[in-house]
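Reader: I should like a close look at one residue and its surroundings. Please take the explanation outward from there, step by step.

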Amino acid sequence: MLTMTSLSSRLPLALPSSHLWLAGMALLLLAGCASQGPIDESGRQSGQWERQQADVEAFDTWALVGKAGLRTPEENISANLDWNQHPHYFRMLISGPFGGGRNVLEGREGRFSLSNSDGRFEAETPEALMEEQLGWALPVSAMPDWVRGLPGEHGSYQIETDELGFPSHLTQDGWEIDYRDWERVDELWLPRRLVMLYDDVRITLVVNQWQASGE
């Protein structure tokens, strides 16, 4: 006579507790990896820009030290920038070759001045002032937003994001802004290197130091 043995009688009633613990840890690790999302080599993580955007918009009082490179078909020169920005006031120290020495550009409540060894000059916009006195101009009116990775509130724009959701390309006021590198400043990710293009003018800005005002 053949005897049939049920499958259940040949299987253990429960897994050993050590196996259950290992299985649980594996599930937790898998869940953690799934929630973490992609990360790039700098440490940026998917979803971070969306979560921090309101804080970046509120970060309106700061200082940065960096270097700007200006390239046109006729020349390729650079200058150092020491820039302090407040909601209703800014001061930008421009020094180096295309600054022609030491120039202090200031703006307060719609009034703009540029001071250097030749005197103190004023104009209706910072761009007009720089063009008149230096022969070139940065897009100063829009840059407080652009250097933080934000579009300005003064006109329409188009923005593209990378695979992590961070701004990668911004078009506004005829300018094309490419965000090439980011760094973590306290709890915020801020641009470290960006390239601004307008017709045949190319400006590369590298930020060596970000600092919240008062630190």
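In which element is I177 found?

Author: I177 is found in strand 9; helices (H or I, at least four residues) and strands (E, at least two) are DSSP runs counted from the N terminus. The model is predicted, so to speak of local features requires a pLDDT of at least 70 and of side-chain atom pairs a pLDDT of 80 or more, whereas totals for chains, interfaces and linings use all residues. Residues are numbered from 1 along each chain as its sequence is written, and side-chain values rest on heavy atoms, with hydrogens and water left out.

I177 is buried, its relative accessible area being 0%; the term means under 20%, exposed means over 50%, and partly exposed lies in between, with a 1.4 Å probe and protein chains only. Leaving out residues up to four places away in sequence, I177 touches W146, S168, H169, L170, L194, V195 and M196, where contact means heavy atoms within 4.5 Å. V195 stands 18 residues from I177 along the chain, yet their C-alpha atoms are separated by 5.6 Å.

W146 repays attention in its own right. Beyond its neighbours within four places in sequence, W146 is in contact with I177 and with others, including L170, W175, Y179, L194 and M196. In the largest nonpolar core, which has 46 residues, W146 is among those with the most contacts, together with M130, L138 and W210. Such a core is a set of buried Ala, Val, Leu, Ile, Met, Phe, Trp, Tyr and Cys residues joined through side-chain atoms within 4.5 Å.

The wider setting is an open sheet of 11 strands, antiparallel in pairing and ordered 6-5-4-3-2-1-11-10-9-8-7; two strands pair if DSSP finds at least two bridges between them. At its edges lie strand 6 (119-123) and strand 7 (157-161), each paired on one side only. On average, neighbouring strands are turned by 20 degrees against each other, direction ignored. Helix 2 (residues 48-58) packs on this sheet, touching strand 8 (167-172), strand 9 (175-185) and strand 10, and its direction makes about 85 degrees with that of strand 10. Axes are lines fitted to C-alpha atoms, for helices over the stretch in contact, and angles between N-to-C directions run from 0 to 180 degrees.

Within helix 2, Q48, W49, Q52 and V56 are buried. These residues lie on the same side of helix 2 because they cover an arc of only 85 degrees around the axis, taken from the directions from the helix axis to the C-beta atoms. The buried residues of helix 2 pack against strand 8, strand 9 and strand 10, while E50, R51, A54 and A58, on the other side, are exposed.
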